[in-house]
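Subject: Structure for your review

Dear colleague,

Please find below the structure that I am handing over to you. My findings follow directly after it, and I would be grateful if you read them with the structure open.

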Amino acid sequence: GFRVFFSLKRSGFLLGIVCIFGATSNYVTYLLGLEYMSPGGAQVVIQLAPVLTLLGGLVLFHESFSKRQWIGFLVLLVGIGLFFNTRYDDLFSGSNLVVGIFWVAVSALAAACYALAQKQLLQILTPESILLLLYLFGCLMLSPFAHPSQGLQLTEIQMFLVILSALITLFSYFCYASAMKHIEISRIGLILSLNPLMTVGNMALVAVFLPGFVAPESLNILSWIGAVLVVFGSMMGVGRSTKIPAPSHSMASD
């Protein structure tokens, strides 16, 4: 991975830098958002990512954005508004929820930058090489802010969750990179748009079988309609297949 990376010409090298900073920022800002809002709420807001990815393709690669996709984007925004209908007082009072939404929105923007850059970089590097670069340089970037001694204070269940999260993250990033090599970003977005409903549903199941372990989302009928609209709007927004132009092979040296 290293030899290929450092043999890249300027454009390919810059794509690698964008991938590293985008993926690292995406992960860190999402965790910051989770400090202020529930997992279900975070999954609703992060659905901005696939739409922002296509908007990025519109701006950077001059792709077309159909009327249906614009309608899908508006439906997504309406769905987010409905999902948080019980929290309007918190939103307008400048509570922690606003901070959480801000960080998750930043995470969605970082994810879009990462996806666009990685799609291009996959023309040159393998998914394994890209993941190696992401984790290695991400580790170097975050190490000055890490406090390994805090790990000694974790309980057994907390340590298990940390290890599980690390393994799931590694596996999910590998699957994501592998999928992008074979299919369009838009089709991946169709699958990822189901995340809000899956997260809310899983939280409800965990609350039933492991009482006290995690608090289920407090949703009314408008919130559920909003969650469905988020999924539907995201699917409309990314439903039309768009192709990102392949980069020139001149990005890698002979």
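Helix α9 is the element that gives the most to the nonpolar patch on the surface, contributing five residues. Please bear in mind that this is a predicted model. The patch is formed by I157, F160, L161, L164, I168, L205, V208, F209, L210 and F213, which together have about 1,000 Å² of accessible area. At least two of the patch residues come from α9 (156-182), and α11 (195-209) likewise supplies at least two. One member of the patch, L210, is placed in the loop between α11 and α12. L210 counts as partly exposed because its relative accessibility is 46%, which lies between the limits of 20% and 50%.

As for the overall architecture, the protein has 12 helices and zero strands. Of its 254 residues, 39% count as buried. The accessible surface of the protein comes to about 14,000 Å², and carbon and sulfur atoms account for 71% of that area. Among contacts with a separation of 6 or more, 83% are between residues 24 or more positions apart.

Turning to the interior, the largest nonpolar core has 21 residues, and M37, L48, L76, I80, F84 and V104 are those with the most contacts inside it. Five helices each supply at least two residues of this core: α3 (39-45), α4 (48-60), α5 (67-83), α7 (96-121) and α12 (221-238). With residues up to four places away in sequence not counted, M37 touches A42, V45, F84, L97, G100, I101 and V104. Two of these partners, F84 and V104, are themselves listed with the residues that have the most contacts inside the core. There is also a second, separate core of 14 residues, which includes C19, I20, L121 and L131.

Finally, I would draw your attention to T24, a residue of helix α2 (residues 10-34). Is T24 buried or exposed? T24 counts as buried, because its relative accessibility is 11% and the limit for that class is under 20%. Which residues does T24 contact, leaving aside its neighbours within four places in sequence? The contacts of T24 on that basis are with G138, M141 and L142.

Yours sincerely

Key. Residues are numbered from 1 along each chain as its sequence is written. This is a predicted model: local features need pLDDT of at least 70, side-chain atom pairs count only at pLDDT 80 or more; totals for chains, interfaces and linings use all residues. Side-chain values use heavy atoms; hydrogens and water are left out. Helices (H or I, at least four residues) and strands (E, at least two) are DSSP runs, numbered from the N terminus. Buried means under 20% relative accessible area, exposed over 50%, partly exposed in between (1.4 Å probe, protein chains only). Contact means heavy atoms within 4.5 Å. Accessible areas come from the Shrake-Rupley method with a 1.4 Å probe; for residues, only the protein chains shown count as cover. A nonpolar core is a set of buried Ala, Val, Leu, Ile, Met, Phe, Trp, Tyr and Cys residues joined through side-chain atoms within 4.5 Å. Patches are made of residues with over 30% relative accessible area and no salt bridge: like charges are joined within 9 Å, nonpolar side chains (Val, Leu, Ile, Met, Phe, Trp, Tyr) within 5 Å. A salt bridge is a side-chain nitrogen of Lys or Arg within 4 Å of a carboxyl oxygen of Asp or Glu.
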